[in-house]
Amino acid sequence: MAGTVAFDTLTHSTAGSVATSYVVEGVCKGWITADQTGTAAILDSLNVSGITDNGTGDLTTAWSTNFANANYAPVGDGLTTGGNYVGCSIHAIAAGTVQTITQPSQSTGTLDCDKVFAQAVGELS
């Protein structure tokens, strides 16, 4: 059985209410956990169609459903095998992709991570 439930406000018995637009617009629209070492691989994801390994510490994630424009908000992070923190910066953003660069703390070089994470919030097309 298929159907539609439509409403404009969510109300909690003790916490008050919130417009559904906050829920729809504020949730994560895509995320990825990937392994950059060796042949880059997606470990788990939502709304991700694939990845491109652009070189050491440089990964592009393609979204299955594009964002409405390049003004969405992606964030990233990374870990090495020993659990060491690795800085992850967003290098390029397009409606259909986000490119991340990972580098060791206190270093200017790049590094492939055992786990690199990215997620994005924004309006889908």
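**An eight-stranded sheet and its cavity**

In this predicted model, eight strands make up an open sheet, and they follow the order β4-β3-β10-β7-β8-β9-β6-β5 with antiparallel pairing. The edges are taken by β4 (41–46) and β5 (48–55), each of which pairs on one side only. Going from strand to neighbouring strand, the turn comes to 20° on average, with direction ignored.

Part of the sheet can be followed bridge by bridge, with β9 as a handy reference. This strand covers residues 97–104 and is joined to β6 by five bridges, the two running antiparallel. Two of the residue pairs between them are worth picking out. Asp58 sits opposite Ile101 of β9, while Thr61 has Val98 as its bridge partner in β9. As for β6 itself, the strand spans residues 58–63.

On to β8, then, the strand made of residues 85–94, which also pairs with β9 in the antiparallel sense, this time over eight bridges. Here Val86 faces Pro104 of β9 across the pairing. The link between β8 and β9 is a short one to describe: the two strands form a hairpin, with two residues between them.

Now for the empty space. The structure holds one cavity of 30 Å³ or more, and the volume of the largest cavity is about 40 Å³. Its lining is made up of Ile32, Ala34, Leu59, Thr61, Thr100, Val116, Phe117 and Ala118. Sorted by class, that comes to six nonpolar residues and two polar ones, with no charged residues in the lining.

Which strands supply at least two residues each to this lining? They are β3 (28–35), β6 (58–63) and β10 (115–121). Of the strands, β10 provides the largest share, three residues. In the sheet order, β3 and β10 stand next to each other, whereas β6 sits between β9 and β5.

Thr61 ties the two parts of this description together: the residue lines the largest cavity and is also bridged to Val98 in β9. As a general point for reading the lining against the strands, side chains in a regular strand alternate between the two faces of the sheet. For a quick look at the model, the cavity-lining residues Ile32 and Ala34, together with the bridge pair Asp58 and Ile101, make convenient places to start.

Notes
Residues numbered from 1 in each chain as written. Predicted model: local features only at pLDDT ≥ 70, side-chain atom pairs only at ≥ 80, totals over all residues. Heavy atoms only, no water. 1 Å grid on protein atoms, 1.4 Å probe; cavity = no way out; pocket = protein on both sides within 12 Å on 5 of 7 lines; lining within 4 Å. Points joined across faces, edges and corners; volume = space filled by probe spheres on them. Helix = DSSP H or I, 4+ residues; strand = E, 2+ residues; numbered from the N terminus. Nonpolar A, V, L, I, M, F, W, Y, C, P; charged D, E, K, R; others polar. Pairing = 2+ DSSP bridges. Axes fitted to C-alpha atoms, helices over the stretch in contact; angles between N-to-C directions.
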